Amino acid sequence: MLIPPGESVVETKSCKVCSANFVITDKDLEFYDKVSPVFNGKKESIPTPMLCPDCRQRRRLAFRNERKLYRRKCDLTGKELISIYKPHASVVVYEASEWRRQAWGGMELDFDFLGSVFWKIAQIQKNTPRPHLHVPENENCEYVNQSGYSKNCYLAFVTDYSQDCLYTHGLFRCEDMVDVSVATDSQCCYECNNVERCQNIYFCDFCSDCHDSWFLSNCHGCSFCFGCSGLVRAQYCYWNEQLSKEEYERRVSATIKNTTSGITDRKGVLQNLSYSIPNPSLHGTSNESCTGDFVSESKHSYQSFFCERLEDCKYCTNLRDVRDSYDWDYVGYQGEQCYECLGTGDGIFHAMFCTHIWGNVRNIYYCDLCMDVEHCFACVGLRNKQYCILNKQYTEEEYNILVPKIIEHMRKTGEWGEFFSPSLSPFGYNETVAMEYFPLSKEEVLKLGFNWSDYEPPFPKVEKIIPASKLPENIADIPDDILNWAIECEVTKKPFRIIKQELEFYRKHSLPIPRRHPDQRHLDRLALRNPRKLYERKCDQCHKDMITTYAPDRPETVYCEECYQREVYG
Ligand SMILES: [Zn+2]
Ligand SMILES: [Zn+2]
């Protein structure tokens with residue numbers, strides 16, 4: 001068990017779900033005390049969690065369907081939509097533009113001190129319209145979700161301020177990207193993972209400031225390189241060997257025959273090369289006392305992943321500009337003192353046990369789908385409200401008297417201090433991000449009290465479905481007709497289609513047609529990243545103890561930060 005550096009263990013607990021041991025430290029107690037809400041001058045303490053950090057995160061992520069899209073109708077206008085809610089889901093779904101026009105949280109309940117508070121919230125949820133997708137301000141982007149301010153994108157998820165991006169995830173200010181996960185300020189990349197400020201790169205992972213290159217991993221500031229790992233500011237390198245410009249061009253033009261099998265072979269060689277080249281223990285820049293992967297410009301944060309500008313945070317993922325918060329996944333943008341939240345952001349102070357909350361928000365607990373609310377408890381679909389409980393309006397005085405009584409009631413039901421129970425999620429576990437990071441069988445899912453979805457949408461009519469193995473290896477041999485066919489994924493056997501914009505991209509860059517379903521390609525890229533888990537391991541250079549996402553028995557060479565900097569940057 002890892003103890004956060006500089007903290008002392010106050011209690012070791014056993015997770016109520018998986019029985020794993022986890023620790024509560026002095027710093028954790030300070031945090032739980034700090035965020036415990038105060039009503040009429042009396043603090044209502046948050047208990048320490050009953051679940052381990054992983055089980056807590058899994059429970060939150062089961063409320064987020066990012067990429068399973070369905071055809072269904074808007075329950076207000078009858079218009080056909082592409083939505084994250086399947087046609088017969090037991091929720092009311094409105095087209096996002098309609099949903100944004102006004103507040104729809106019409107149903108109110110009186111608080112009766114009988115039974116579960118989560119059950120009461122579920123009753124309001126069932127009657128409160130939800131937006132069909134989370135998509136602010138896009139143009140020509142019908143098949144996207146959790147993406148905004150973007151144009152001409154297709155199956156682009158969590159992709160903001162971007163254009164002409166297909167099959168992407170986690171992009172910010174990018175253009176002309178196909179099959180890329182996690183990228184910032186980049187253009188024209190294909191099959192890449194974690195790239196920053198890159199142009200015209202293909203099959204590259206964990207790179208920054210690179211251009212016109214192929215098959216790179218952990219390279220920075222490189223251009224005109226092919227098959228390289230761990231290089232900085234290199235040019236004309238070929239499988240990590242320095243060549244002259246002429247020799248490089250000669251070898252590359254002899255090698256670049258972009259057939260499917262050629263690409264698979266090169267990926268294998270690159271993988272072997274990156275085993276022998278030192279890897280950094282953690283990815284991230286300009287941090288002060290942080291443990292976690294892909295964290296930058298952050299201070300005193302522990303076990304957080306894919307975050308920027310965190311301060312005093314723990315167990316956070318995919319956040320920007322957040323301080324003093326624990327257990328929060330997605331969004332951020334000026335957030336403070338939040339705990340157990342999902343998909344909330346944009347100026348939030350003190351939100352706890354909440355999902356999908358935006359705007360100027362202060363002091364809210366157990367709320368879902370609210371905007372610009374303050375002092376609300378167990379509300380769904382409210383906007384510009386204060387002092388509401390179960391969507392019912394109270395005076396400030398009434399609110400401050402009633403909420404502590406509800407909290408007392410929730411202590412008895414075992415709900416106070418815990419996130420919503422999994423059954424409140426409008427999605428099947430297998431439709432959500434939880435399945436990507438914590439894959440489970442249907443049996444396990446149901447046993448743990450999550451929902452499961454058996455619904456498979458009908459596949460659109462196509463002229464024929466061809467097995468991936470029958471596809472020509474070279475893009476030059478692919479006829480236009482492919483747009484009327486479907487390809488059977490070589491891994492999952494699920495059929496998928498090629499769209500015109502995509503075919504043009506492959507032809508322009510002489511790339512073969514993919515043989516795997518977009519969902520499988522997404523999972524393949526996810527698998528290239530280390531799991532979001534931290535281990536103690538010895539640096540392969542100086543042998544000092546370090547914290548890393550590389551499990552001790554993994555074959556890669558892994559260096560501590562100092563050794564890595566010295567080796568790579570000299
Ligand atoms: Zn657990
Ligand atoms: Zn070292």
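The following paragraphs describe the domains, two zinc sites, one helix, one small sheet and one histidine of a predicted model.

The domain assignment divides the chain into domain 1 (1-65 + 106-127 + 325-446), domain 2 (465-526) and domain 3 (535-569). Between the C-alpha centres of domain 1 and domain 3 the distance is 37 Å.

A good place to begin is the zinc ion (ligand 1), which is held by the SG atoms of Cys-15, Cys-18, Cys-52 and Cys-55 at 2.3 Å. The angles subtended by these four donor atoms run from 104 to 114°, and the arrangement is therefore tetrahedral. For reference, the ideal angle for four tetrahedral donors is 109.5 degrees. Along the chain, the donors of ligand 1 follow the spacing C-x2-C-x33-C-x2-C. Cys-18 belongs to the loop between β1 (9-14) and β2 (21-25), while Cys-52 belongs to the loop between β4 (42-43) and α2 (53-61), so this pair ties together parts that lie 34 residues apart in sequence. How accessible is Cys-18? With a relative accessible area of 39%, Cys-18 is partly exposed. Cys-52, in turn, counts as buried because its relative accessibility is 6%, the cut-off for burial being under 20%.

The zinc ion (ligand 2) is likewise bound through SG atoms, here those of Cys-539, Cys-542, Cys-560 and Cys-563, at 2.3 Å. The site of ligand 2 is tetrahedral, with angles of 101 to 116° among its four donor atoms. Its donor residues are spaced C-x2-C-x17-C-x2-C in sequence. Here too a pair of donors links distant parts of the chain: Cys-539 sits in the loop between β36 (535-538) and β37 (545-548), and Cys-560 in the loop between β38 (558-559) and α12 (561-569), 21 residues apart. Both Cys-539 and Cys-560 are buried.

Attention now turns to helix α7. This helix covers residues 396-413, 18 residues in total, and spans 26 Å from its first C-alpha to its last, close to the 26 Å expected at 1.5 Å a residue. Which residues of α7 are buried? They are Tyr-399, Asn-400, Leu-402, Val-403, Pro-404, Ile-406, Ile-407, His-409 and Met-410. In an α-helix there are 3.6 residues a turn, so residues three or four places apart point the same way. The partners against which the buried residues of α7 pack are a helix, α4 (117-126), and the strands β3 (38-39), β28 (361-365), β30 (374-377) and β31 (386-389). After α7 comes Gly-414, with a positive phi near 80°.

Further along the chain, three strands make up an open sheet of mixed pairing, in the order β33-β34-β35. The edges are taken by β33 (465-467) and β35 (495-496), each of which has a single partner strand, so one side of each has no neighbour in the sheet. Strand β34 (residues 486-488) pairs with β35 in the antiparallel sense over two bridges. Across from Glu-488 stands Pro-495 of β35.

Finally, His-509 is found in the loop between α10 (500-508) and α11 (518-528). Is this residue buried or exposed? His-509 counts as buried because its relative accessibility is 12%, with the cut-off again under 20%. Once neighbours within four places in sequence are set aside, the contacts of His-509 are with Cys-188, Tyr-202 and Asn-258.

Terms used: Residues numbered from 1 in each chain as written. Chains lettered and ligands numbered in written order. Predicted model: local features only at pLDDT ≥ 70, side-chain atom pairs only at ≥ 80, totals over all residues. Heavy atoms only, no water. Helix = DSSP H or I, 4+ residues; strand = E, 2+ residues; numbered from the N terminus. Expected span 1.5 Å × (residues − 1). Buried < 20%, exposed > 50% of the residue type's maximum accessible area, 1.4 Å probe, protein only. Contact = heavy atoms within 4.5 Å. Donors = N, O, S within 2.8 Å, 3.2 Å for Na, K, Ca; no water. Tetrahedral: all angles 85-135°; square planar, octahedral: opposite > 155°, others 65-115°. Pairing = 2+ DSSP bridges. Domains from an automatic or database assignment.
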